[in-house]
Amino acid sequence: MQKFELLSPAGSMEALKAGIQNGADAIYLGGSSFGARASATNFDNDELIEAVRYASLRNVNIFVTVNTSVKETEIEELISYTDFLYKIGVSAIILSDIGMASLLRSRYPNMEFHASTQISAHSLNDVLELKKVGFDRVVVARELSVEEIKKICDTVDIDIEVFIHGAICVSYSGQCLMSSMLGERSGNRGRCAQPCRQSYKLINKTTGKIIDVNGNYLLSPKDLCSIDNIEKILDTSVKSLKIEGRMKRPEYVAVVTSRYRKTIDNYIENKVTTNKKELKDDLEAIFNRKFTSGYLMSKNGSDIINLDKPNNIGVKVGEVLSFNQKKNKLKIKLCGKLSKGDGINLGGGNIGRIIKNGEIFDFGVSGDIIEIDFIKSVKPKTIVYKTSDKSLVDDANKSFREGIENKKIDLNCEIFISVGEKAKFTLENIEVYSDEIIEKSNNKKIEIKNVLEKLSKTGGTPFNFIFKNVFVDENAFVPVSVLNNLRRCAIEKYEKEKLDFSKERIICSSNDLSSSKAKKVDNGKITLKVHKNSQIDNLLEDCSILEYVKEIYTEDFSLIEKYYDRLKSKGIDLIYSALGVIRNEEYDTVKKYLSKINREILKKVQISTWGSKNFFESNFGTEKFNIDTYFNIYNSYSVRFFEKYFNAEDITISQEINKFEIKNLVENLKEKNINIDMIVYGHTRSMLTEYCAMGVLTKDCHKDRRCAECARSDYALKDMENREFRLFQDIFCRTEIRNHIPLDLREDMKEIFDLGIDRVRLDFTYEDSEKVYEILKECIDYLKNSKRINSPNTFKGHFITSVN
C-alpha cells in the first residue's frame with residue numbers, strides 16, 4: 001500500500017504539537033521572513049530549531065514556506081535565511097519565486113524543493129516542466145479535479161500535493177493582484193488584504209441594473225471539506241494531503257488533523273469509515289464558512305461561493321422562540337446540542353446556565369426548549385448557530401497538552417548484562433555501557449522482566465523500546481540507577497545523532513545563471529496587447545507608428561491570419577498571447593484552434609504558464625518565447641532563468657515592483673541580451689478565477705458552455721466604495737476580473753527608459769479601436785515631441801510606492 005502523507009499547518013509551536021500529536025506525517029510552517037502568511041504568528045529562528053527538533057524525534061518532516069516573490073535587495077537576506085534552514089535540518093522549503101529556486105537548487109544538494117501553489121501549476125504539462133527545472137514536489141492548483149490529478153499522478157514520478165481542507169482562494173493562487181492594486185498589501189508577498197471577503201454587487205453594464213443574487217459576498221468561497229470524498233482523492237495516488245490553516249488556532253489543527261487521520265488510516269487498512277457524519281459535524285463545529293467539496297469534485301458557481309457571510313458560520317442548533325425583556329431570558333427551540341460554555345452567533349459571550357422547565361442543566365439536546373441568560377432583544381424565528389463547542393475544544397486541547405505523547409516511535413533495543421563486565425545497552429545503532437562492572441548478587445536471582453520494565457520507562461519521550469535481543473545473567477546484581485543511567489545516556493546519544501544534520505547538509509556554491517549568447521533584438525520601444533483583433537483596426541491605417549511599434553500581442557484567435565498578414569506587410573509582427581491557464585484537456589482544444597492557422601504566426605509566442613513552452617515547441621515548432629507578467633518576475637535571477645531555459649527574447653516584469661526595485665533588477669543583470677518590458681497602461685488583471693460571478697444568472701450553469709444570458713451583456717462587480725471591476729471570460733469561460741481604474745504611467749515613460757527598461761507595453765481590454773489608436777498616438781507624441789498627455793487618470797500602480 002502506498003504511503004500517504006497527511007500534511008498539517010502550524011502558525012505556532014502549540015499548533016505544531018497539536019498537528020503531530022493528532023497524526024500529522026509532516027508540518028508546514030513559516031519563519032519570520034518570506035512566507036505567504038505574513039499575518040500568522042510564525043516561528044522565529046529559535047522556535048524553528050525547536051520545531052525541527054520536536055518533529056524530527058517523532059519522524060515528522062518540517063516544510064518551511066519561502067513562497068513569496070523576492071525583491072532584488074532581499075536576495076542576500078533570503079540566502080542567509082535558507083542557509084540557516086538547511087543547516088538546522090528542515091526537510092524541504094516551499095518556493096514560488098523561480099529565480100530563487102534556480103539559485104538555491106545547486107546550493108543545497110540534500111534539500112527537497114516544493115513548488116508552492118503560488119507558482120500556479122494547473123496541468124500535467126506544468127508539472128512536467130517544474131520537475132524538469134528541479135522541483136521534487138508540486139502543490140497543484142486547488143482548481144483541479146480528481147480526474148486531472150489522477151492523470152498527473154499516473155504520468156509523473158515526483159510527489160504531488162493537494163489541498164483537502166480549509167479556505168479556498170477565489171483566484172488562482174499566484175494570479176491575484178487585487179489586494180495590491182487596491183492598496184499596498186500583496187498576496188504574492190504574503191500580505192493579502194482579502195478583498196474577496198468583501199461585499200460586492202453584480203452590475204449589468206449594458207442595462208446599468210443591479211442584479212439581485214440573494215447575497216452580497218460574490219467572491220467569498222466556502223471552505224473546502226473532503227472528508228466525504230477522501231477515498232476518491234487517495235485513489236489518485238497523490239502523495240500528500242494538505243490541510244490549510246497556518247493562521248488557525250491549535251485546537252483547529254488538532255481536530256481537523258485527527259479526523260482526517262482516522263479516515264485515511266481506515267482507507268489504508270481497507271476499512272470503511274462509518275461515522276463520517278460525526279467526523280464532519282466536528283469539522284463544521286471547529287470552523288466553517290459552509291463546506292464545499294470544491295473543484296476536486298468538479299463543483300462550481302453557487303457550490304463554491306458562500307454569498308451570505310465571509311467568516312465562520314458555525315453549526316445550526318436552534319431557533320429563537322421569544323425574548324423576555326424583564327427577566328433577560330432568551331427562549332430557544334433546539335435542533336442540536338448546546339452546552340454550558342459554548343458560543344453562539346448572537347453574541348453575549350459564552351453560554352452560562354441552561355434552564356429547562358425551571359431547572360438548571362449543563363446542556364440541552366435536540367427537541368428541548370431551553371432558556372439562557374441574555375441581555376439584548378432577539379427577534380423570534382432567528383436562527384441560532386453554535387460558533388464554539390467547548391467540549392470539542394477541551395478534548396482537542398487535551399490531545400496535545402504538555403507531556404502527552406500520542407505518537408510513539410518504536411526503537412529496536414538490545415541489553416547484555418553479565419557478571420564481571422560492564423552492562424551494554426544498544427538503542428538502534430547507539431551503544432552505551434555502564435560505568436560500573438556488574439557484580440554478583442548475594443541474594444535472589446534477578447528477574448529479566450523487571451530489568452526490561454525499568455529500561456522501558458520512556459515517559460516524557462516519544463520513544464517505545466522494542467527488545468530484539470536480551471541477555472541478563474540471572475546472578476547479576478543491577479541497581480536501578482544503572483538501568484536508569486543506561487536508558488538516559490542511550491536516549492541522549494540517539495537524539496544527538498538523530499538531530500545532527502552536519503554530515504549531509506553541505507552548502508555548495510551557487511551557480512549564477514549567465515546571460516545567453518544570443519544577440520539582443522530590437523523589438524521597438526512600444527508594444528501593445530489586445531483582447532480582440534478588431535481593436536487594432538485604426539492602427540492599420542497609420543504607418544507613422546512603425547518607428548516605435550514592431551510587435552503587437554493578441555489573445556484573439558479569430559481572423560488572426562488576416563491581421564497577421566496586414567500587419568506584416570507594414571513591418572509589424574502579430575504575436576499570439578496564450579491563455580493564462582490551460583488545463584489538461586484544454587490543450588487539445590487550443591491545439592485544434594491553432595492547427596488551423598499558418599505556423600509562421602507561431603514562431604514566437606507570448607506565454608504565462610509553465611507547460612506552454614513544451615506544448616508550443618512540440619506541436620508548432622515555436623522558436624522564441626516572450627514571457628508575460630503573470631510569472632511575477634521580481635528579480636534578475638528570474639529574468640536569467642527565463643532567458644536560459646525558455647529561450648526568452650522579451651520578458652515583462654511584475655507590476656508590483658517600484659522604480660528603485662526595477663533599477664536594482666536591471667543593474668544586476670549586467671550584460672543584458674534580452675529585452676525587459678514593462679506595462680505602462682491598462683486595466684490590470686486583478687484576478688483569474690474558475691468561478692463565474694455571472695453563473696448566478698443561470699441556475700444550471702456548470703461552465704461547459706457560455707450561456708446566452710452571459711454572452712448577451714457586459715458585467716462588473718461594484719464594491720462598497722462604488723468601484724467597478726469589469727468581468728471577462730476566455731474561451732473556457734474562465735473569468736478575469738479587471739481593476740476598476742487603468743494604470744497610466746505614460747508620462748513616466750522617459751524615466752522608465754532611463755531605468756534600463758527596453759520597451760513599454762500598453763494593455764487594452766475593452767477599449768475600442770479608436771481609443772486604442774488615440775492612446776498609442778499620445779505615447780508616440782510624448783516620446784517624440786514631449787507633448788503632454790491629458791489623462792484624467794493618475795493611478796501609478798506601484799511605480800512610486802512599493803508593495804509590502
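Two strands are taken to pair if DSSP finds at least two bridges between them. On this basis, the predicted model contains an open sheet of seven strands in the order S16-S21-S13-S14-S20-S17-S18, with antiparallel pairing. The edges of this sheet are formed by strand S16 (343–344) and strand S18 (359–361), each of which pairs on one side only. Within the sheet, strand S14 (residues 329–334) and strand S20 (residues 369–373) run antiparallel and are joined by five bridges. Ile-332 has Ile-370 in S20 as its bridge partner.

An open sheet of four strands is also present, with the order S24-S23-S22-S26 and mixed pairing. Strand S24 (430–437) and strand S26 (463–472) occupy the edges with a single partner strand each, so one side of each is left without a neighbour in the sheet. On average, and with direction ignored, neighbouring strands of this sheet are turned by 20° against each other. Strand S22 (residues 409–417) pairs with strand S23 (residues 422–427) in the antiparallel sense, over four bridges; here Cys-413 stands opposite Leu-427 in S23. Helix H12 (residues 448–455) packs on the sheet, where it touches S22, S23 and S26, and its direction makes about 150° with that of S26. Helix H13 (residues 480–498) lies across S22, S23, S24 and S26 and runs at about 150° to S24.

Turning to the N-terminal region, helix H1 (residues 13–21) is mostly covered, with eight of its nine residues buried. These buried residues are Met-13, Ala-15, Leu-16, Lys-17, Ala-18, Gly-19, Ile-20 and Gln-21. The elements that cover them include strand S1 (5–10), strand S2 (26–30), helix H2 (45–56), strand S3 (61–66) and H9. Just after H1, Gly-23 adopts a positive phi of about 110°.

The axes of H1 and H2 come within 11 Å and cross at roughly 10°. The two helices, H1 and H2, are therefore roughly parallel to each other. On the H1 side the contact is made by Met-13, Leu-16, Lys-17, Ile-20 and Gln-21, and on the H2 side by Glu-47, Glu-50, Ala-51, Tyr-54 and Ala-55. By class, the contact of H1 with H2 comprises six nonpolar, one polar and three charged residues.

A further helix pair is formed by helix H9 (residues 250–268) and helix H10 (residues 276–286), whose axes come within 10 Å and cross at roughly 160°. Angles over 145 degrees count as roughly antiparallel, and H9 and H10 are therefore assigned to that class. Their crossing is left-handed. From H9, the residues Glu-251, Tyr-252, Val-255, Val-256, Arg-259, Tyr-260, Lys-262 and Thr-263 meet Lys-276, Leu-279, Asp-282, Leu-283 and Ile-286 in H10. The contact of H9 with H10 has seven nonpolar, one polar and five charged residues.

Lys-276 of H10 is also among the residues touched by Asn-229; with residues up to four places away in sequence not counted, Asn-229 touches Lys-276, Ser-293 and Met-297. Asn-229 itself is placed in the loop between strand S10 (223–225) and helix H8 (230–234). The residue has a relative accessibility of 14%, and Asn-229 therefore counts as buried, the cut-off being under 20%.

Notes
Residues numbered from 1 in each chain as written. Predicted model: local features only at pLDDT ≥ 70, side-chain atom pairs only at ≥ 80, totals over all residues. Heavy atoms only, no water. Axes fitted to C-alpha atoms, helices over the stretch in contact; angles between N-to-C directions. Parallel < 35°, antiparallel > 145°, perpendicular 65-115°, else oblique. Left-handed = near helix turned anticlockwise from the far one by under 90°. Contact = heavy atoms within 4.5 Å. Nonpolar A, V, L, I, M, F, W, Y, C, P; charged D, E, K, R; others polar. Buried < 20%, exposed > 50% of the residue type's maximum accessible area, 1.4 Å probe, protein only.
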